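Hi,

Here's the structure I said I'd pass along. Have a look at it first, then read my notes underneath.

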Amino acid sequence: MNQNRAGRLKTLLLAVALAGLAGGLVLRAGGLPDLARAAWLAGALPVLAALLAEIGRSLSRREVGLDIVAALSMSAAILLGETLAAAIVALMYSGGTFLEGFAEGRARREMRDLLSRVPRTATRHSHGRLEEVALEAIAPGDRLLIRQGDVVPVDGQVASATAFLDSSALTGESLPVRLGQGAEALSGATNAGDAFDLVALREARDSTYAGIVRLVEEAQRSKAPLSRLADRWSLGFLAVTVAIAGAAWWFTGDPVRAVAVLVVATPCPLILAVPVALVAGLSRAAHFGVLVKGAGPLEAMARVRTLILDKTGTLTDGRPQIVRIEARCGMAPDDVLRLAAALDQLSKHPVAQAIVQAARDRDLPLPLPRDVAETPGEGVAGILDGHRVAVGGQGFVAGRLDGAAGDPPDASPGAVTVAVGVDGRMAGHLVMSDPLREGAAGMLARLRGQGIARILLATGDRDDVARRVTEGLGLDGIRAGLTPDGKVLLVLAERKNGPVMMVGDGVNDAPALAAADVGVAMGARGAAASAEAADVVLLVDRIDRIAMGVEIARRARGIALQSVAAGIGLSVAGMIAAALGYLTPVQGALIQEGIDVAVILNALRALRITPAGSA
């Protein structure tokens, strides 16, 4: 049964139960008791049939849930003619399952919008013209055009003189790389330079991206299913209920007392209070930009003990930023930055765009250059306010100087140095790197305070780069140079010590996100594959939202547990009263409704959760 059909069935059952109960009450008030009983029976039987089918499926998977208590109470009430009590129980049960389905359906709808940008076609050269074809139609040997900003659709060989690719989603390298003619380009990388031609080496289904998708599917299949919070209380509650009902019947010889016990015992504090609290938690999390795909993942977030973080685009910003400006020839650092940014305004290179943004952040005036010539992957040259300016790599700028270029400044591992030349002289250098996100250290400290005992870094980047970037964060371990399957193995190894949450943004993180107990994707700028594989998606590009999401999950689960404990306590008291003959089945159903209202009102407190740092 697909998700849409299941959702429609839950809605239909709720409508039938509500119509049956309301219609029966109207008929009874109109002096038609026989028709009223028929209406209540018509409202309860479809819910009971669906419930029995669900119990059968659960038992085939060797799962025992609280649904059995609801089925027992409805069945016993119908058999003994207590149709009003059966109708009330049917309405309570169908309402609880509808709430659970509502939470999951809302998350799926938001995810469809988030993933709508996934590319499905490629541009192929064919008999002197270009045609858009589906990825499945690409064959080895086809010549493809990869435009600027396009994602490489299949593994292939660069057929143009040069290509400039952003492979951070695949490899974790934060800065784009230049590939020459004949070099192999991996599917999933993004063209960060000018358009180039690519000769396909493999079909889409056999390419790197497809292999990662298969890893995701395998990880999802191997992931242990999460049981509902309510089901973990089921066996004990079921045993207590059957014992009290059986004792009432045995000692009094009155089966109606047993029915009254079962009706009062209908586990609506569990069936209703838990989804209400968790749906409220989902709503609060979404309010702060944390999209959780259902109540199960939210509950799992509350129990996480180990956190594994990707580096590029997750712990770091994922975009190069200027960390130092070294000026020469008597120029001021702001002048070096202004000249470089003014020239780079016409370039789409990610490093050039970062330089332009840095100048704008300092409110530097940026005049328009003329006679601009860009060499993809190397640099830009042009005329600016009558001066010859060159910006790019050390070799590119050195070739346009009248004298010696001198040595570039020392840079830490993973940093890139941009040279700036003016009128044949070296004017200075911009040292750029991918820094930690603002608030990363505070976020990790908050997570430790929330009970996460172990925090690891997992990255495909080099070990020296990873250690430099994370220095002082107090991580429990760094695993560098990992492939996608290496990250999966790390997640599986850590799961032996307790529930694991994995946070990532790239295509290479998707398998590990699927394998973790809770996968969290940086959805604002991350790859669609990681968002699809994850249980949680951060819709805003802020890492502090991870700590907010965990805090909301823990507090929502705590409120759910409080509601469950109070509801069970009141239900047990009601069962004892029913066993002693103080409550009829209908009175028991009404008492249970009162208990439901109390625990639901308590569960709704989750709507007021305000995590620390949200002001």
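Below is what I found, starting with the core and then moving to two loop positions.

Keep in mind that this is a predicted model.

The core first. The largest nonpolar core counts 97 residues, and Leu307 and Met501 are the ones with the most contacts inside it. Helix 20 (residues 544–579) supplies the largest share of this core, with 14 residues. If you want a spot to zoom in on, try Leu307: setting aside neighbours within four places in sequence, its contacts are Leu444, Leu447, Ile452, Arg454, Ile455, Leu456, Met501 and Val503. So that you don't miss it, there is also another core lying apart from that one, made up of 27 residues, including Leu339, Ala340, Val356 and Ala427.

Now the loops. Asp155 sits between strand 3 (143–146) and strand 4 (156–158), in the loop that links them. Is Asp155 buried or exposed? Its relative accessible area is just 2%, and the cut-off for buried is under 20%, so Asp155 counts as buried. As for a partner, the Asp155 side chain makes a polar contact with the side chain of Arg202, at 3.2 Å.

The other position is Gly294, in the loop between strand 10 (290–292) and helix 10 (295–301). With a relative accessible area of 1%, Gly294 is buried as well. Its C-alpha atom is 8.5 Å from that of Leu278, a residue 16 positions away along the chain.

Shout if you'd like to go through any of this together.

Cheers

Definitions and conventions. Residues are numbered from 1 along each chain as its sequence is written. This is a predicted model: local features need pLDDT of at least 70, side-chain atom pairs count only at pLDDT 80 or more; totals for chains, interfaces and linings use all residues. Side-chain values use heavy atoms; hydrogens and water are left out. Helices (H or I, at least four residues) and strands (E, at least two) are DSSP runs, numbered from the N terminus. Buried means under 20% relative accessible area, exposed over 50%, partly exposed in between (1.4 Å probe, protein chains only). A polar contact is a pair of N or O atoms within 3.5 Å; within protein, one must be able to donate a hydrogen and the other to accept it, and residues adjacent in sequence count only if both atoms are side-chain atoms. A nonpolar core is a set of buried Ala, Val, Leu, Ile, Met, Phe, Trp, Tyr and Cys residues joined through side-chain atoms within 4.5 Å. Contact means heavy atoms within 4.5 Å.
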